[in-house]
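This report describes the strand pairing and helix packing of the model shown below.

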Amino acid sequence: MEHFQGPLLVLAGAGSGKTRVLTARICHLIRHHGVAPHRILSVTFTNKAAGEMKDRIRRQLGEEPSGLWAGTFHSIGARILRRHAPRLGWSPSYTIYDQDQNLRQIKRAQEEVGLDPKRWSPKVFRAHVSGAKNQLVSPQAFLEDNGDSFDILLRNVARVYPVYQEALRNHDAFDFDDLLMKPVELLEAHPEILEGYQSRFSFLLVDEYQDTNRAQFRFLELLAGETGNLMVVGDDDQSIYGWRGADIRNILDFEASFPSARVVRLEQNYRSTENILEAANQVIRHNADRKGKNLRTERKGGDLISVTESSDERDEARWIAGEIEARMRQEPERDYRAFAVLYRTNAQARAVEDAFRGKGIPYQVVGGVGFYERREIQDVLAYLRLISNPRDGGAFDRVVGYPRRGVGSTTVARLREWAQGSGLTLLEGASRASEIPSAPKAGVQGLLGFADLIQRYSARASQVQVGVLMEELVDELDLLTLLRDEGPDGDDRAENVKELIAGALDFDAELLEEEELPTDRFTELDLFLQRVALVAQVDLHDPDADSVTLMTLHNAKGLEFPVVFISGLEDGLFPLSRAYDDPSALEEERRLFYVGITRAQDKLFLTHARQRRRAGEYMFGRLSPFVETIDGTLLEERFTIRARKSFETGFGAGFGSGLGRKRKRERVQEDWEDAFADDELNQDLPRFVKGERVAHPTFGSGTVLEVSGFGPDLKVTVSFDSVGRKKLLARYADLEKDYF
């Protein structure tokens, strides 16, 4: 990369080697222009990508690029806030709230302003607050803009947002959006800090620029300053996170924002066959809002793209499983890791998982319940968060009653009321529990013992490594024994905790030097918790595991597989019905399909079902119009046995969608979107997990024994402490996670 100074936009098509370009640029700056590594800031969208980039740079330079900052926007924001959080009213050892913690805090804020969370969805409120933060709209500004709005929802969000944000400050916590918004607020409010970072970082490099939002753009704009040594790499055709606040205009209008910018296109694909790439090009040409480029490859020809019609989702899943088995027999050199099944919504995974289990095909689900979301792992991490940050009320709530120490919900409620009236944190209140009026004796003793435990380990955290600290804590609490005594899954849970300890023991103290933070202010525990909090779902994908990968198309971006199945290609499901109401949304859906196609290296399968069961009913579907934009010479039509039999007998012929049959294109009458629960369309939400503790408004607390079904049909079997076993339909059960 010969470009030296000034803004540069690299339009890098799928499989064109974006990471290689960024790595080469950094090495060129260091080797040929004498730029010190500590003068370079490189921003990636996953921690895994940042680690791979550093490894490549290290190998190419033959030495460690000491001082180079490489990480995600969130991790870099967290590093900056560790240094300067007191300027904003937080401490340097703040907590980062995950999705579950910030949802609980939203609910509390709703209750505080008199809004019933059962009537007003906390998830909707969280989405509005998140959107405001990504647009750099403060609680006060949101209140001024929407406090008198005709929209009652916006009026209520305007009441909740300031209360929620104040609660975060009181708990010394940031949510994920704060890690983007607060650094901008800091740099804008303190010119001397901004000048320091502008002087420090002479060159900025950004990957996946098409997925940046307003806060991220402003952060880069501030750091780039007048010199504008900003190189961004991205692909407008792969901008798929508009629903998270990403703004495709950032990349489309780059030259307007940086008038002296140079633009370079990378159109050579090193991944896919010619047929796969031509299909991708034909699909994306139908988008109007794009820079324009045409991918090419030296891998001429290749297998045709198979379009397979099935009778329903179970038939589709069985066919996929059978095709994988057949290919494994025909190509014994293949491993299961060569295959990936991609889908538009999480709900589609159920049938595929059932089919794979039935045939004994190993698989891993990316975007399901991750390792760090497991109940036993969250319990240990909550202890560590409270040890690191005694003001973390969410962590206190989770573990004050686990393991059982006589502290129930009544005791905690009286503690909360008394602590708030006395101006104390919950942990400070617990250390003075004997002063709480009318508190149960057992509860008082439990609170005093709990407070003493946390205080002892808080002092210990500055003396030992985080892995040793965790071992001692788990041993004192006797957690492994408690978990093993839980039943059949107890051993697995205990092993998970041991794996967490092993990971902490591997957490090298040298990382303290990498963060360039003073060790007298930050313990290894602080940085370990930050590292864990910033782990993304895609970072948990294990490319070396010999298993088929199942994931949503959103999670698949940046990955590649020899053989890819894209399932559920019915109009109304992909694209979703609601996309037809907004041309920009429909273009984003088309970009998502383009991303899926370009994950495939050698072979691509597109599957669709004649009917699919949603919300307890079968809904008939037609082939996605996205597939019909691909030239027939690139496709081969296939049927499952059941689909072919029903077609030959005339059953369902009116709903068939074979490529070779002429038919009038029309929208599916049934609204697919209405058939999906919000949780199924959300790519980030966890599911109920066997073994986790839940609370029911009538039956009280209990442990999840079994989970069956999916979406609206999800059933949960719970062993309640007071009334025994109950089987409940989740959507009506009003279950919540229980931390007492």
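Val341 is placed opposite Leu550 of β12. The two belong to a parallel pairing in which strand β10 (residues 339–343) and strand β12 (residues 548–552) are joined by four bridges. Strands pair if DSSP finds at least two bridges between them; strands (E, at least two residues) and helices (H or I, at least four) are DSSP runs numbered from the N terminus. The model is predicted, with local features requiring pLDDT of at least 70 and side-chain atom pairs counting only at pLDDT 80 or more, while totals for chains, interfaces and linings use all residues. Residues are numbered from 1 along each chain as its sequence is written, and side-chain values use heavy atoms, without hydrogens and water.

The open sheet containing this pair has seven strands in parallel pairing, ordered β11-β12-β10-β13-β14-β9-β17. Its edges are β11 (363–366) and β17 (635–639); each has a single partner strand, so one side of each lacks a neighbour in the sheet. From one strand to the next, the twist averages 20°.

A further open sheet, also of parallel pairing, comprises six strands in the order β3-β2-β6-β7-β1-β8. Here β3 (69–72) and β8 (262–266) form the edges, each with a single partner strand. Strand β1 (residues 8–12) pairs with β8 over five bridges in the parallel sense, and Leu8 has Arg262 as its bridge partner in β8.

Helices lie across both sheets, as tabulated; contact means heavy atoms within 4.5 Å. Axes are lines fitted to C-alpha atoms, for helices over the stretch in contact, and angles run from 0 to 180 degrees between N-to-C directions.

| Helix | Strands crossed | Approximate angle |
|---|---|---|
| α13 (residues 274–284) | β9 (305–310), β14 (600–609) | about 55° to β14 |
| α14 (residues 313–330) | β9, β10, β12, β13 (561–566), β14, β17 | about 155° to β14 |
| α10 (residues 214–224) | β2 (40–44), β6 (203–206), β7 (230–234) | about 160° to β6 |
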